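This report describes selected features of one protein model. Please keep the sequence and the structure in view while reading.

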Amino acid sequence: MRTAILYGAMALAILLVGLFQSWSVALAILNMSIISAVMALGVNIQWGYAGLFNVGIMGFAALGGVATVLVSMPPVGGAWAAGGGRMLLAGVAVAAVIGGIVWLRRVLSGRWRLWATVAAAIGGYVLIRVIYDPAVDAIEAVDPAATGYLGGLGLPVVLSWLVGGLFAAGAAWVVGKISLGLRSDYLAIATLGISEILIAMMKNEDWLTRGVKNVTGLPRPVPYEVNLQKTEWFLDLAARLGQDPVLFSGNFVKLCYAILFSLVLLALYWLSQRALHSPWGRMMRAIRDNRDAAEAMGKDVTGRHLQVFVLGSAVVGIAGAMLVTLDGQFTPGTYNPLRYTFLIWVMVIVGGSGNNRGAILGGFLVWFLWIEVETAGPMLMRALTSGMDPTSPVASHLLDAAPHMRLFLMGLMLLLVLRFAPRGLIPERTGR
């Protein structure tokens with residue numbers, strides 16, 4: 001009953017925005033809420049199932065965005081002709097150097113193994129730079145204002161959602177192999193650092209992502225407004241509903257996105273629930289609640305942690321690809337820990353960690369407040385200062401503080417939930 005009431009209240013809040021503000025704003029909030037819920041679901045898989053404290057959510061979301069570019073954008077023929085072959089050769093050189101080092105470490109022992117590894121690493125680095133640097137210069141010199149990168153594969157953008165999950169899963173496997181043996185606080189620092197490294201690479205490797213010049217004009221999985229406004233069936237539909245075709249086309253496109261995103265969220269929720277209530281899910285919660293006891297019973301704790309870390313990161317990568325698809329552009333400079341890590345954690349904690357329904361509700365609620373406070377904050381401050389002298393320093397301070405209402409509200413909400421509902425609005429069912 002509690003879950004139904006909370007979800008009903010959330011639906012009513014979005015409905016009221018549509019009735020009293022605009023349906024365009026309501027649908028925009030709905031789409032971003034769904035994407036936020038998917039991200040929260042991924043974090044809940046890691047934290048709620050297994051107690052893994054991942055503070056590198058931003059990096060995995062950005063990898064999903066990169067996948068959108070590499071899958072959906074058309075290839076840049078000039079860039080491929082100028083340096084594509086050498087870049088592929090550099091990739092082969094990287095693989096050969098890594099394979100060579102692994103082979104040397106297997107066949108040699110003692111001091112010879114150390115010196116051979118160092119020599120192979122230095123020699124490999126020099127070889128890679130000799131091939132890689134000219135390739136980068138050649139690619140980035142091809143019409144840098146418009147392209148300056150290799151482009152993508154020109155495939156349907158929806159495929160990038162799956163590829164984004166695979167990219168994030170692959171990165172999570174590497175990160176997990178390195179850092180999952182660490183203590184939880186060290187794991188948080190390691191994931192945060194690796195996330196920042198990923199973002200820095202995206203900002204600087206122009207040949208791959210255009211860096212801070214951004215990639216715009218990404219293909220859509222839904223119709224374009226201009227095309228809809230020229231279509232007879234759409235004009236007839238708008239006339240029947242008594243809607244202006246121009247305004248209705250924008251809402252129609254957002255509604256199409258909402259349907260697509262909802263299908264992804266429902267599929268991931270169903271899979272997450274199946275995993276949570278399976279023997280694997282019960283084992284993960286047992287490891288979370290008492291790691292020492294689980295290890296004593298012969299469970300491979302690090303191996304199970306790696307599984308759940310990869311799965312949760314893959315879900316975050318899917319959400320990252322969906323977000324870039326909705327925006328229609330990839331902007332590496334916009335990724336910051338406040339938006340893509342702190343806010344997602346607030347969603348999980350407020351909604352209820354360990355409970356998929358709670359994480360989804362947290363995604364909807366926090367994003368709804370994040371958007372609406374931007375409008376309500378200045379209104380509230382103007383109401384509070386309406387009876388004050390306009391030249392009063394107190395009135396000026398309150399009005400100047402209005403833009404910071406978002407962060408104040410997030411902090412206040414987090415404190416209230418931790419004080420009065422520490423297990424979240426929809427707590428985990430423990431069966432006790």
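In which helix is I122 found? The model is predicted, and in it I122 belongs to helix α5, which covers residues 110–140.

**A nonpolar patch on the surface**

I122 has a relative accessibility of 54%. Because exposed means over 50% relative accessible area, I122 counts as exposed. I122 is also one of the residues that make a nonpolar surface patch of about 750 Å². The other contributors to this patch are L114, W115, V118, Y125, V126 and V130.

**The largest pocket**

Rolling a probe the size of a water molecule over the atoms shows where empty space is left. In this model, the largest pocket holds about 700 Å³ of space. Its lining consists of 22 residues. Those nearest the centre of the pocket are M87, G91, Y132, W207 and L208.

Which helices supply at least two residues each to this lining? They are α3 (57–72), α4 (77–107), α5, α6 (157–179) and α8 (206–209). Helix α4 gives the largest share, with 8 residues. Sorted by class, the lining of the largest pocket has 17 nonpolar residues, 4 polar residues and 1 charged residue.

**Positive phi angles in loops**

Most residues other than glycine have a negative phi. Two residues with a positive phi are set out below.

| Residue | Phi | Location |
|---|---|---|
| D143 | about 45° | loop between α5 and α6 |
| N214 | near 70° | loop between α8 and β1 (215–216) |

D143 is not a glycine, although its phi is positive. N214, likewise, is a residue other than glycine with a positive phi. Is D143 buried or exposed, or does it lie in between? Its relative accessible area is 44%. Because partly exposed covers the range between under 20% and over 50%, D143 is partly exposed.

**Two residues far apart along the chain**

Helix α7, made of residues 184–204, contains A200. The relative accessibility of A200 is 35%, so A200 counts as partly exposed. How many residues along the chain separate A200 from G333? The two are 133 residues apart along the chain, and their C-alpha atoms are separated by 9.1 Å.

Technical notes: Residues are numbered from 1 along each chain as its sequence is written. This is a predicted model: local features need pLDDT of at least 70, side-chain atom pairs count only at pLDDT 80 or more; totals for chains, interfaces and linings use all residues. Side-chain values use heavy atoms; hydrogens and water are left out. Patches are made of residues with over 30% relative accessible area and no salt bridge: like charges are joined within 9 Å, nonpolar side chains (Val, Leu, Ile, Met, Phe, Trp, Tyr) within 5 Å. Accessible areas come from the Shrake-Rupley method with a 1.4 Å probe; for residues, only the protein chains shown count as cover. A salt bridge is a side-chain nitrogen of Lys or Arg within 4 Å of a carboxyl oxygen of Asp or Glu. Helices (H or I, at least four residues) and strands (E, at least two) are DSSP runs, numbered from the N terminus. Buried means under 20% relative accessible area, exposed over 50%, partly exposed in between (1.4 Å probe, protein chains only). On a 1 Å grid over the protein atoms alone, a cavity is a set of points where a 1.4 Å probe fits but cannot get out, and a pocket is an open set with protein on both sides within 12 Å along at least five of seven lines; lining residues have an atom within 4 Å of a point. Grid points are joined across faces, edges and corners, and a volume is the space filled by probe spheres set on the points. Ala, Val, Leu, Ile, Met, Phe, Trp, Tyr, Cys and Pro count as nonpolar, Asp, Glu, Lys and Arg as charged, and the others, Gly among them, as polar.
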